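Biologist: I have a new model on my screen and would love to walk through it with you. Shall we take it step by step?

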Amino acid sequence: MAARDSTTIESSMSFIAEITIPADSFVLSDVLALAEIDRIVFDCTIPARTGFMPYFWICGSRFDGVEDLLEREPALRSVVTVDEVDKNRLYRAEWDSHVPFFLDATARVGGDIRGATGETDWEFELLFDTQADLGEFTGYFADIEIELTIDHVYRLNAALTDQNDLTPPQREALITAERNGYYQDPQEVTMEELAESLDISIAAVSGRLRRGTSKLVQSTLL
């Protein structure tokens, strides 16, 4: 089976799973491969009239060739530029009728996508109603060549009651980074060492730090 579960899943009510798949197993992998592009972030807070996640940000230093690659993306029927802020561009897309396998598998079990970020890999935060739903979801990947990794699973109520709306993994990553000198100048620990300490991938720790910092800025400064 393609899925590698690095955590023990407990029976509970709704819970959230942090999942990673390779960049080339989802959309826009050609855009992510550009040296000038840092990341792609789907905005899952904007309701979609139809389909999945119509809005996404592309963050980078230069956008030469990005629009051409977007137009050639087979999973998207159309893409338009909505806004530009500093080095970030917001796009609105209409998905083709044949959506990527990952989105289709999520929809089959009634899962909800709370976050989707692409850097070296694609990281997702998915909400499931039951443990059986997650089991069915991962089962779809058993016979296909997509490597799916479950980085963390936690109950939804833990995320809702955590301080500053941080998820438990985000809180753990931020505290570990601070205690080990990641934010010092010069840094006393690298991203790779943090990932090893937390026993997660580099992409996962990067995403947790980024999303956690964003939530702290929103709750304290904005």
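Biologist: To begin, what percentage of the accessible surface of the protein belongs to carbon and sulfur atoms?
Modeller: Happy to help, and please keep in mind that this is a predicted model. The accessible surface of the protein comes to about 11800 Å². The part that belongs to carbon and sulfur atoms is 46%.

Biologist: Thanks! And what percentage of the residues of the protein count as buried?
Modeller: The cut-off for buried is under 20% relative accessible area. The protein has 222 residues, and the share of them that count as buried is 44%.

Biologist: How many helices and how many strands are there in the protein?
Modeller: Both kinds of element are present, and you will meet several of them again below. For the contacts with a separation of 6 or more, residues 24 or more positions apart account for 64%. As for the elements themselves, the protein has nine strands and eight helices.

Biologist: Let's turn to open spaces. Which residues are the closest to the centre of the largest pocket?
Modeller: The largest pocket has a volume of about 790 Å³. Its lining is made up of 25 residues. The closest to the centre are Val-41, Phe-42, Arg-211, Ser-214 and Gln-218.

Biologist: Which helices and strands each supply at least two residues of that lining?
Modeller: By class, the lining of the largest pocket has nine charged, eight polar and eight nonpolar residues. At least two residues each come from helix H5 (156-161), helix H8 (202-220), strand S3 (37-42), strand S4 (55-60) and strand S7 (112-118).

Biologist: What about enclosed space: which element gives the largest share of the lining of the largest cavity?
Modeller: The count comes to one cavity of 30 Å³ or more, and the largest cavity has a volume of about 40 Å³. Its lining includes Glu-18, Ile-19, Thr-20 and Arg-211. S2, S8 and H8 each supply at least two lining residues. The largest share, three residues, comes from S2.

Biologist: And how many charged residues does the lining of the largest cavity have?
Modeller: Glu-123, Phe-124, Asp-151 and Ala-204 are also among the residues that line the largest cavity. By class, the lining has three nonpolar residues and one polar residue, and the number of charged residues is four.

Biologist: Now the charges. How far apart in sequence are the parts that Arg-208 and Glu-18 tie together?
Modeller: The structure holds eleven salt bridges. In one of them the side chains of Arg-208 and Glu-18 meet at 2.8 Å, N to O. Because Arg-208 lies in helix H8 and Glu-18 in strand S2 (residues 15-22), the parts tied together are 190 residues apart in sequence.

Biologist: Are Arg-208 and Glu-18 buried or exposed?
Modeller: Glu-18 also lines the largest cavity. With regard to accessible area, Arg-208 and Glu-18 are both buried.

Biologist: Which residues are linked with Glu-125 in a network of salt bridges?
Modeller: The side chains of Glu-125 and Arg-211 meet in a salt bridge (3.4 Å, N to O). Glu-125 lies in strand S8 (residues 121-128) and Arg-211 in helix H8, so this pair joins parts that are 86 residues apart in sequence. Both residues of the pair are buried. In the network, Glu-125 is linked with Arg-114, Glu-123 and Arg-211.

Biologist: Here is one with another setting: is Asp-64 buried or exposed?
Modeller: The side chains of Asp-64 and Arg-62 meet in a salt bridge (2.2 Å, N to O). Arg-62 has 47% relative accessibility, so it counts as partly exposed. Asp-64 has a relative accessible area of 52%, and therefore it is exposed.

Biologist: What is the C-alpha to C-alpha distance in space of Ile-37 and Gly-60?
Modeller: Ile-37 is in strand S3, and its relative accessible area of 6% makes it buried. Among the residues that Ile-37 touches are Leu-32, Ile-58, Gly-60, Arg-62 and Val-66. Ile-37 and Gly-60 are 23 residues apart in sequence, while their C-alpha atoms are 4.1 Å apart.

Biologist: Last one: which residues does Thr-117 touch, not counting residues up to four places away in sequence?
Modeller: Thr-117 lies in strand S7. With a relative accessible area of 4%, Thr-117 is buried. Beyond four places in sequence, Thr-117 touches Arg-39, Ile-40, Val-41, Trp-122, Glu-123, Arg-210 and Arg-211.

Definitions and conventions
Residues are numbered from 1 along each chain as its sequence is written. This is a predicted model: local features need pLDDT of at least 70, side-chain atom pairs count only at pLDDT 80 or more; totals for chains, interfaces and linings use all residues. Side-chain values use heavy atoms; hydrogens and water are left out. On a 1 Å grid over the protein atoms alone, a cavity is a set of points where a 1.4 Å probe fits but cannot get out, and a pocket is an open set with protein on both sides within 12 Å along at least five of seven lines; lining residues have an atom within 4 Å of a point. Grid points are joined across faces, edges and corners, and a volume is the space filled by probe spheres set on the points. Helices (H or I, at least four residues) and strands (E, at least two) are DSSP runs, numbered from the N terminus. Ala, Val, Leu, Ile, Met, Phe, Trp, Tyr, Cys and Pro count as nonpolar, Asp, Glu, Lys and Arg as charged, and the others, Gly among them, as polar. A salt bridge is a side-chain nitrogen of Lys or Arg within 4 Å of a carboxyl oxygen of Asp or Glu. Buried means under 20% relative accessible area, exposed over 50%, partly exposed in between (1.4 Å probe, protein chains only). Contact means heavy atoms within 4.5 Å. Accessible areas come from the Shrake-Rupley method with a 1.4 Å probe; for residues, only the protein chains shown count as cover.
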